[in-house]
Amino acid sequence: MIEISGLTKSYGATTVLDGIELTVGDARIAAVVGPSGAGKSTLARCINLLERPTGGTIAVNGRDLTALSGRELRQARREIGTVFQSANLLRRLTAAQNIALPLRHHGVPEAQVRRRVHELLDRVGMLHRAHHYPSQLSGGQRQRIGIARGLALHPSVLLSDEATSGLDPETTGSILELLRELRDDLGVTILVITHEMDVVRGIADHVAQLDHGRIVEQGPVAEVVRRSDSELSRSLLPVPAAVVTPDGHREWSVRYDAGEVSPYWLARAGRELGADVAVLSALVEESGGEGVGRLVVGIDAGIEEARVRAVLRGLGIAAERRTGPGGIVGEEPAA
Ligand SMILES: Nc1ncnc2c1ncn2[C@@H]1O[C@H](COP(=O)(O)OP(=O)(O)OP(=O)(O)O)[C@@H](O)[C@H]1O
């Protein structure tokens, strides 16, 4: 478990991280997303203790790492394994030697190093590449070796800093699958720093949006994607573009949790409203471990908005009027 509280980082007069509050439970995967310059890398460097925070605490399994120094700090660093963008492997060392590095650095006896490296290569499916050099490996294979090296000292937290950046979708998928296995089989708590929303949708249990050094929105992914009024929700699961709205209809953007809503909600909504509901775009898929539906529907503009909202709410559906160009046909968009 990792608990970040009141974390602040300043360089001179510039505050780059401002009061970060983030908790990741045991064997959970949290993703931190945000635009370029938001402070993601700085957060990563503070968490793996490459940088000292200016204020606040970072506790792993209840122990505040920011309070430590010297030998204690060196020991505590073992709790956090890091996987970097493009793996950061040493070119002159083989895959196996790269994985062995942190073990040798911590004085692990050679016989144990060999055993552990073998175990790790097996874990990440790379036994057949043990003696290859990084230049002889694909990007995805290098990343697997990077993950194995990050796990070498049995950390309870794995920090993945843009680890899938630059990988093709299929390779990204296989790396995410590996991270999921580490969470489920080894109980590792994983913090993923990424700018890729596909990554968040693919593996995260929890998501936090960083902007100008602050967390502006966070929550369980399954919950965030259901928020109809949230920017993070819209960037995580954009509503697909709507086809032409029938004349005299208003467009509504709709989100719902497929596990909690009747699969027949659309027909019921039509019956209760006494009008047909036009489906203009729709996507129902799994995200954050739950089925999430998002649609744009067209509903007769003659029906009061409050009534539409009430009927949909009664069916467990969050709905928001789509305004602006194309939002309403045959009527001025609402202010
Ligand atoms: N050592 C430093 N000294 C001064 N300012 C810094 C330092 N490191 C980072 N910053 C500033 O902190 C802000 C956040 O940088 P950071 O690299 O953490 O952002 P990021 O979200 O990781 O961006 P990107 O996605 O582009 O990597 C930037 O405005 C950057 O200029």
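Which residues have the most contacts inside the largest nonpolar core? In this predicted model, the residues in question are Ile99, Ala148 and Leu191, and the core to which they belong comprises 69 residues. Residues of both domain 1 (2–219) and domain 2 (231–321) contribute to this core, so it lies between them. A further core, of 18 residues, lies apart from it and includes Ala242, Leu280, Leu312 and Ile317. In soluble globular proteins, nonpolar side chains tend to be buried together.

The surroundings of Ala148 were examined with neighbours within four places in sequence left aside. On that basis, Ala148 is in contact with Ile99, Leu120, Leu121, Arg123, Val124 and Met126. Ile99 thus appears both among the contacts of Ala148 and among the residues with the most contacts inside the largest core.

The division of the protein is into domain 1, residues 2–219, and domain 2, residues 231–321. A distance of 38 Å separates the C-alpha centres of the two domains. Contact between them involves seven residues of domain 1 and six residues of domain 2. On the side of domain 1 that touches domain 2, the elements giving two or more residues are α7 (197–203) and β9 (206–211). Of the elements on this side, α7 gives the most, with three residues. The class composition of the same side of domain 1 is three nonpolar, one polar and three charged residues.

The ligand is surrounded by Tyr11, Thr14, Val16, Gly34, Ser36, Gly37, Ala38, Gly39, Lys40, Ser41, Thr42 and His195. Two elements, β2 (14–24) and α1 (40–47), each give two or more residues to this shell. The most is given by α1, with three residues. By class, the shell around the ligand consists of three nonpolar, eight polar and one charged residue.

A final site considered is Glu290, which lies in strand β13, spanning residues 290–300. Glu290 is partly exposed, because 16 other C-beta atoms lie within 10 Å, a count between the limits of 12 or fewer for exposed residues and 20 or more for buried ones. With neighbours within four places in sequence left aside, Glu290 is in contact with Ala222, Asp257 and Gly259. The C-alpha atom of Glu290 is also separated by 7.4 Å from that of Ala258, although these two residues are 32 residues apart along the chain.

Methods. Residues numbered from 1 in each chain as written. Predicted model: local features only at pLDDT ≥ 70, side-chain atom pairs only at ≥ 80, totals over all residues. Near = placed C-beta within 6 Å. Helix = DSSP H or I, 4+ residues; strand = E, 2+ residues; numbered from the N terminus. Nonpolar A, V, L, I, M, F, W, Y, C, P; charged D, E, K, R; others polar. Contact = placed C-beta atoms within 7 Å. Core = buried A, V, L, I, M, F, W, Y, C linked by C-beta atoms within 7 Å. Domains from an automatic or database assignment.
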